[in-house]
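Please follow this walk through the model shown below, which takes up its aromatic residues and then the packing of two of its helices.

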Amino acid sequence: MKIFEEQKFNIPELKGISQKSVEDHLKLYAGYVKNYNALFAEMQKLSGAENPLAHSELTRRMSFEFDGMRLHEIYFSQFEGSPTSLTTSGTFESNVNEQFGSIDRLKGIIKNIGMMRGPGWALLYWDPKTSQFLLGFSEEQHVGHFVTLPVLLALDVWEHAYLLDQGAAGKGAYIDAFFENVNWKVVEANFAAAQR
């Protein structure tokens with residue numbers, strides 16, 4: 001079995017998201033990595049035929065831990081470097097403008113998705129088969145995904161992402177801070193990778 005390792009992220013000081021909040025959030029991410037590895041190791045000790053209930057429950061928990069790990073890796077990578085604007089006249093921007101009219105309209109739609117009651121993830125996908133963006137919400141990070149589609153942008157709207165800085169009613173202010181801190185070059189690179 002290959003052991004997964006936590007990625008290290010070069011996250012600068014963020015506007016509206018404190019260093020303490022980032023540090024606590026990174027610890028949560030580290031927990032997903034650790035828990036996935038532990039569950040996978042436990043799975044290797046079981047025979048699915050002899051322990052069907054334990055085997056199936058470990059499988060369910062593994063998908064929760066794995067998706068938490070991967071979505072957080074996308075999330076934190078979006079803050080690396082420093083906030084950047086969208087590349088003007090780039091292919092990502094032209095596709096956004098064609099489908100949504102503007103990046104501001106897309107951000108508004110993503111914010112509306114993120115503002116739904118309850119925790120989860122607001123996600124921007126690219127569907128290479130139809131050459132279009134799809135938007136989704138994953139209430140539990142291991143369910144509600146568009147299967148096979150690459151995630152271009154991941155907005156974490158679980159309470160742990162904003163409670164420390166903005167309080168229980170601060171989801172909207174947190175989402176605004178998220179977009180102020182996004183390095184759009186990372187999102188554009190995700191889009192370029194999805195084109196291959």
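In this predicted model, F178 has a relative accessibility of 0% and therefore counts as buried, a class that requires a value under 20%. F178 belongs to helix α6, which spans residues 171-181, and is paired with Y75 of helix α2, so that the contact links parts of the chain that lie 103 residues apart. Y75 is likewise buried, its relative accessible area being 2%. The ring centres of Y75 and F178 are 5.9 Å apart and their planes meet at 10 degrees, and the pair is stacked because of that angle, given that planes under 30 degrees apart are put in this class.

A further pair, one of the 24 aromatic pairs counted in the model, joins F4 to F66. Here the centres are 5.9 Å apart while the planes stand at 75 degrees, so the arrangement is edge-to-face, the cut-off for that class being over 60 degrees. F4 sits in the segment before α1 and F66 in helix α2, with their positions 62 residues apart in the chain. F4 is partly exposed, at 25% relative accessibility, and F66 is also partly exposed, at 26%.

Helix α2, which carries both Y75 and F66, covers residues 52-77 and packs against helix α1, residues 19-45, at an angle of about 145 degrees, the two axes being 8 Å apart. The crossing of α1 past α2 is left-handed, and the residues that make up this contact comprise 16 nonpolar, 7 polar and 4 charged ones.

Note on methods
Residues are numbered from 1 along each chain as its sequence is written. This is a predicted model: local features need pLDDT of at least 70, side-chain atom pairs count only at pLDDT 80 or more; totals for chains, interfaces and linings use all residues. Side-chain values use heavy atoms; hydrogens and water are left out. Axes are lines fitted to C-alpha atoms, for helices over the stretch in contact, and angles run from 0 to 180 degrees between N-to-C directions. Helices (H or I, at least four residues) and strands (E, at least two) are DSSP runs, numbered from the N terminus. A crossing is left-handed if the near helix is turned anticlockwise from the far one by less than a right angle, and right-handed if clockwise. Ala, Val, Leu, Ile, Met, Phe, Trp, Tyr, Cys and Pro count as nonpolar, Asp, Glu, Lys and Arg as charged, and the others, Gly among them, as polar. Rings of Phe, Tyr and Trp (its six-membered ring) pair if their centres lie within 6.5 Å; planes under 30 degrees apart count as stacked, over 60 as edge-to-face and the rest as tilted. Buried means under 20% relative accessible area, exposed over 50%, partly exposed in between (1.4 Å probe, protein chains only).
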